[in-house]
Amino acid sequence: MRKHPISLAIFGLGLAFSPALAQGTQQLNGGDRVSAEADGIGARDVGPLLRRAADAARGGRLPLALELVERAETLVLTRGTIAGTETIPLRAGAVAVMQDARAALSRRDVAAATTAMAEAERLTAGM
């Protein structure tokens, strides 16, 4: 009698952990092809990310451009912060311009998006 519930529990645990085991050391991106492609680009600085985003937007690859702008924005937001200001949202400068770029990409306005990306790159040139 007792053998059946234990067998089911072991089987259930095996199913629960099998996706993690199958992935091994691969980078986790939720199976999203755009994220996987952005991972492959390899740019780790704001300027190159924004340049690649502008290239992707001009090439009609708006989801990739959006992903790259979001990654650049994340880099800016996670750079050094003055102690005591961590809880104050940053809504000015390069971050605001990148938000404008993301909004333009959402509207499919490539010209406005690439202009905003170039401005954000100019604002972050010293980072």
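Select Arg122 to begin, a residue that counts as exposed because its relative accessibility is 53%, where exposed means over 50%. Bear in mind throughout the tour that this is a predicted model.

Keep Arg122 in view and add Glu119, since the side chains of Arg122 and Glu119 meet in a salt bridge with an N to O distance of 2.6 Å. The two residues lie three apart in helix 6, so Arg122 and Glu119 are separated by about one helical turn. Glu119, at 31% relative accessibility, counts as partly exposed.

Now widen the selection to helix 6, residues 110-123, and show helix 3, residues 46-58, beside it. Two packed helices are described by the angle between their axes and the distance between the axes. Here the axes of helix 3 and helix 6 come within 9 Å and cross at roughly 170 degrees, and helix 3 and helix 6 are therefore roughly antiparallel to each other. To see what makes the contact, select Gly47, Leu50, Arg51, Ala53, Ala54, Ala57 and Arg58 on helix 3, and then Val110, Thr114, Met117, Ala120 and Glu121 on helix 6. If you color this contact by class, you should find seven nonpolar, two polar and three charged residues.

Stay with helix 3 alone for a moment. Helix 3 has 13 residues and spans 18 Å from its first C-alpha to its last, which is close to the 18 Å expected at 1.5 Å a residue. Its buried residues are Val46, Gly47, Leu49, Leu50, Ala53, Ala54, Ala56 and Ala57, and the buried residues of helix 3 pack against helix 4, helix 5 and helix 6. Just after helix 3, pick out Gly60, which takes a positive phi of about 80 degrees.

Next, select Asp55 and Arg58 in helix 3, whose side chains meet in a salt bridge at 2.9 Å, N to O. Asp55 and Arg58 are three residues apart in the helix and so are separated by about one helical turn. Asp55 is partly exposed, with 44% relative accessibility, whereas Arg58 is exposed, with a relative accessible area of 55%.

Move on to helix 4, residues 62-78, and select Glu67 together with Arg71. The side chains of this pair also meet in a salt bridge, with 2.8 Å from N to O, and Arg71 and Glu67, being four residues apart in helix 4, are separated by about one helical turn. Is Glu67 buried or exposed? Glu67 counts as buried, because its relative accessibility is 17% and the cut-off for buried is under 20%, while Arg71, at 22%, counts as partly exposed. A search of the whole structure finds six salt bridges, among them the one between Arg71 and Glu67.

Finish at helix 5, residues 93-106, a helix of 14 residues that reaches 20 Å from first C-alpha to last, close to the 20 Å expected at 1.5 Å a residue. Highlight Ala94, Val95, Ala96, Val97, Met98, Ala101, Ala104 and Leu105, which are buried in helix 5. Which helices do the buried residues of helix 5 pack against? With the neighboring elements displayed, you can follow the packing of these buried residues against helix 3, helix 4 and helix 6. As a last stop, select Arg108, which follows helix 5 and has a positive phi near 65 degrees.

Terms used
Residues are numbered from 1 along each chain as its sequence is written. This is a predicted model: local features need pLDDT of at least 70, side-chain atom pairs count only at pLDDT 80 or more; totals for chains, interfaces and linings use all residues. Side-chain values use heavy atoms; hydrogens and water are left out. The expected span of a helix is 1.5 Å times one less than its number of residues. Buried means under 20% relative accessible area, exposed over 50%, partly exposed in between (1.4 Å probe, protein chains only). Contact means heavy atoms within 4.5 Å. Axes are lines fitted to C-alpha atoms, for helices over the stretch in contact, and angles run from 0 to 180 degrees between N-to-C directions. Angles under 35 degrees count as roughly parallel, over 145 as roughly antiparallel, 65 to 115 as roughly perpendicular and the rest as oblique. Ala, Val, Leu, Ile, Met, Phe, Trp, Tyr, Cys and Pro count as nonpolar, Asp, Glu, Lys and Arg as charged, and the others, Gly among them, as polar. A salt bridge is a side-chain nitrogen of Lys or Arg within 4 Å of a carboxyl oxygen of Asp or Glu.
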